[in-house]
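Reader: I would like a close look at a single part of this model. Please start there and then work outward.

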Amino acid sequence: MKQLIAILEGIGNAVKLLVRAACFAPTLPRQLPRFMEQCYLIGYTTLPIVAILSFFIGGVLALQAGYSMESFGAKEFIGSLVGLSMARELGPLMVAILLAGRVGSAITAELASMKVYQEVDALVTMNIAPERILVLPRLAAVLVMMPVLAIIANLVGWFGGAIVAHSVDFIALEPEKYFETLRRYTKFEDVANGLIKAETFGFVVVLVCCSIGLRTRGGPREIGASVTKAVVVSLILILVLDYFLTKALL
Amino acid sequence: MESCHQTRNPFSDTETAAVGVTIEHLSKNFGALVVLKDVSLSVEPGEIFVLMGPSGSGKSVLLKHIVGLELPTSGQVLVGGLDAAAPETRARIRMALVFQAGALFNSLSVYDNLALYPREHRIANEAGIREKVMRALQILSLENTAAKFPSELSGGMRKRVAIARALVQEPQLMLYDEPTSELDPVMSATISEIIATLKDEYHVTSFVVTHDRDLALNIGGRVGILMGGQLVMVAKPAALHNPEDPIIADFLNPKIDLKNPRFKQLET
């Protein structure tokens with residue numbers, strides 16, 4: 001019962017935070033430097049690890065598909081399998097998980113320490129809403145950067161698959177054939193569905209991490225506990241949302 | 001209105017009305033823990049009111065009620081006649097709280113810490129903000145710290161930067177939470193002088209929470225003693241030299257008794 005109340009309280013706080021931040025949306029143009037800084041942190045600094053992971057996930061997909069399909073002579077369809085898997089599922093999911101682990105944890109740690117060391121209280125006494133300068137730029141930045149990251153993850157993953165499919169001896173699939181089936185079976189709607197997922201995951205992760213960070217009370221130990229909680233809650237929400245979004249978008 | 005009830009702007013020649021604080025039957029509970037019990041007091045516009053009391057007596061919680069960071073369980077706090085718990089009050093009355101640990105924004109330089117308020121409230125253009133910030137730093141003798149980050153400052157400097165940041169807000173009411181804690185005696189005296197100067201020169205109403213008896217005796221207009229969440233005494237500083245209540249007397253002038261130490265009395 002206590003846990004249920006805590007979950008409902010957490011949802012309520014996140015929704016309240018979102019509504020308050022949304023009320024300050026008209027101030028976003030004035031916060032361009034803060035917005036750009038968050039775009040840099042969420043997008044640019046996450047890009048290398050997104051690229052590395054996507055490349056290898058695409059490669060592993062091609063490897064597994066090649067191993068299975070080679071026995072019944074369908075290896076030219078590796079391209080379609082990698083294309084659809086990356087676009088509809090693995091690209092957005094992997095970017096969201098990386099976002100939770102890398103950016104979400106950093107957001108919670110920063111906001112939680114600001115709360116614990118009374119910097120948030122100082123903002124309130126200055127009549128500067130924390131939701132306006134701490135939450136809104138992050139939410140806006142994640143909405144802009146998530147599709148970009150997901151598209152890059154898809155492209156790198158597709159190329160990773162092509163390179164592996166071509167270079168591994170027992171597959172040895174020509175890139176032309178790989179991309180021909182990829183293009184034939186991966187439609188624009190598949191990519192768009194993936195981007196909707198990425199956008200939803202990213203937004204929820206940043207909102208949850210901000211909400212947990214700003215509700216931290218206590219000292220350094222509680223900051224650590226908040227970071228762990230934020231990452232765990234984000235990962236659970238990503239997977240739960242993934243199921244429902246997949247069902248809705250099929 | 002008399003000139004002493006006008007807060008003079010440190011950055012221009014304009015004056016605004018100084019504000020008073022009225023606390024009426026304020027009580028605050030955190031769950032089963034009663035922190036404040038039926039506290040009533042009033043602070044006159046332009047006055048320095050010093051609130052003293054043992055650790056854990058509820059002084060900082062009372063301060064947070066004045067600035068609207070805590071909401072009363074019962075009773076009310078009025079700042080300039082407006083309910084301190086209402087968010088609009090912070091928009092209508094300029095209040096500044098100097099936190100015990102400074103609460104400086106660690107990711108911003110000293111200059112940006114001070115410039116945040118005027119930038120966010122679009123009080124002046126960047127040149128005007130620069131002038132204001134440098135003037136505040138000059139008042140607190142901190143001109144050389146503008147480019148430094150809070151982590152590079154000593155405890156005394158952090159406190160002074162926190163006061164400078166509060167000053168930039170051109171406050172009608174300044175609240176100080178333990179402004180001299182963790183400072184050496186000279187720096188404590190300096191901070192006390194700064195608080196008194198801000199009152200004398202700019203007629204800012206000041207509410208100071210402290211353990212520092214010297215500060216209370218030297219700059220306080222009136223001193224209140226809070227014990228166990230209750231306001232047990234409000235008097236002029238002169239009355240603190242020989243209080244009648246033995247508990248207050250022991251708090252204000254504790255004697256070190258090596259033959260019968262307090263901690264051993266607590267054990268028995």
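Which residues of α3(A) are buried?

Author: This is a predicted model, so the values below are computed from predicted coordinates. The buried residues of α3(A) are V50(A), S54(A), I57(A), G58(A), G59(A), L61(A), A62(A), A65(A) and G66(A). They pack against two helices of chain A, α4 (78-116) and α6 (130-167).

Now the helix itself. Helix α3 of chain A covers residues 47-69, which is 23 residues. At 1.5 Å a residue, the expected span is 33 Å. The end C-alpha atoms of α3 lie 32 Å apart, so the span agrees with the expected one.

Next, the chain around α3. Chain A has nine helices and zero strands. Along the sequence the pattern reads α-α-α-α-α-α-α-α-α. The C-alpha trace of chain A spans about 70 × 45 × 30 Å along its principal axes. Of the 250 residues in chain A, 43% are buried. Take the contacts in chain A between residues at least 6 apart in sequence: 87% of them join residues at least 24 apart.

One partner of α3(A) leads further. α4(A) packs with the buried residues of α3(A). α4(A) also matters for the largest nonpolar core, which has 136 residues. Those with the most contacts inside this core are V95(A), V205(A), A164(B) and L175(B). α4(A) gives the most to this core, with 17 residues. The core also draws at least three residues from each of domain 1 (3-94 + 172-267) and domain 2 (105-169) of chain B. In soluble globular proteins, nonpolar side chains tend to be buried together.

A164(B) deserves a look. Leaving aside neighbours within four places in sequence, A164(B) is in contact with L114(B), A136(B), L137(B), L140(B) and L142(B).

Then the contact between the chains. Chain A puts in ten residues, and chain B puts in 14 residues. On the chain A side, five are nonpolar, three are polar and two are charged.

Chain B is divided into two parts: domain 1 (3-94 + 172-267) and domain 2 (105-169). Their C-alpha centres lie 25 Å apart. Ten residues of domain 1 of chain B are in contact with eleven residues of domain 2 of chain B. On the domain 1 side, helix α6 (residues 185-202) of chain B gives the most, with three residues. That side divides into eight nonpolar, no polar and two charged residues.

Chain B also has strands. An open sheet of four strands runs in the order β4-β3-β6-β7 (chain B), with antiparallel pairing. β4 (33-43) and β7 (82-83) of chain B stand at the edges. Each has a single partner strand, so one side of each is left without a neighbour in the sheet. Strand β3 (residues 21-30) of chain B pairs with β4(B) over seven bridges, in the antiparallel sense. Within that pairing, T22(B) has S42(B) in β4(B) as its bridge partner.

Last, a hairpin. Strand β11 (residues 222-227) of chain B and strand β12 (residues 230-235) of chain B run antiparallel, joined by five bridges. M227(B) stands opposite Q230(B) in β12(B). Two residues lie between the strands of this hairpin, and G228(B) takes a positive phi near 55 degrees.

Conventions:
Residues are numbered from 1 along each chain as its sequence is written. Chains are lettered from A and ligands numbered from 1 in the order in which they are written. This is a predicted model: local features need pLDDT of at least 70, side-chain atom pairs count only at pLDDT 80 or more; totals for chains, interfaces and linings use all residues. The expected span of a helix is 1.5 Å times one less than its number of residues. A residue is buried if 20 or more other C-beta atoms lie within 10 Å of its own, exposed if 12 or fewer, and partly exposed in between; C-beta atoms are placed from the backbone. Two residues are in contact if their C-beta atoms, placed from the backbone, lie within 7 Å. Ala, Val, Leu, Ile, Met, Phe, Trp, Tyr, Cys and Pro count as nonpolar, Asp, Glu, Lys and Arg as charged, and the others, Gly among them, as polar. Domain bounds come from an automatic or database domain assignment. A nonpolar core is a set of buried Ala, Val, Leu, Ile, Met, Phe, Trp, Tyr and Cys residues joined through C-beta atoms within 7 Å. Two strands pair if DSSP finds at least two bridges between them.
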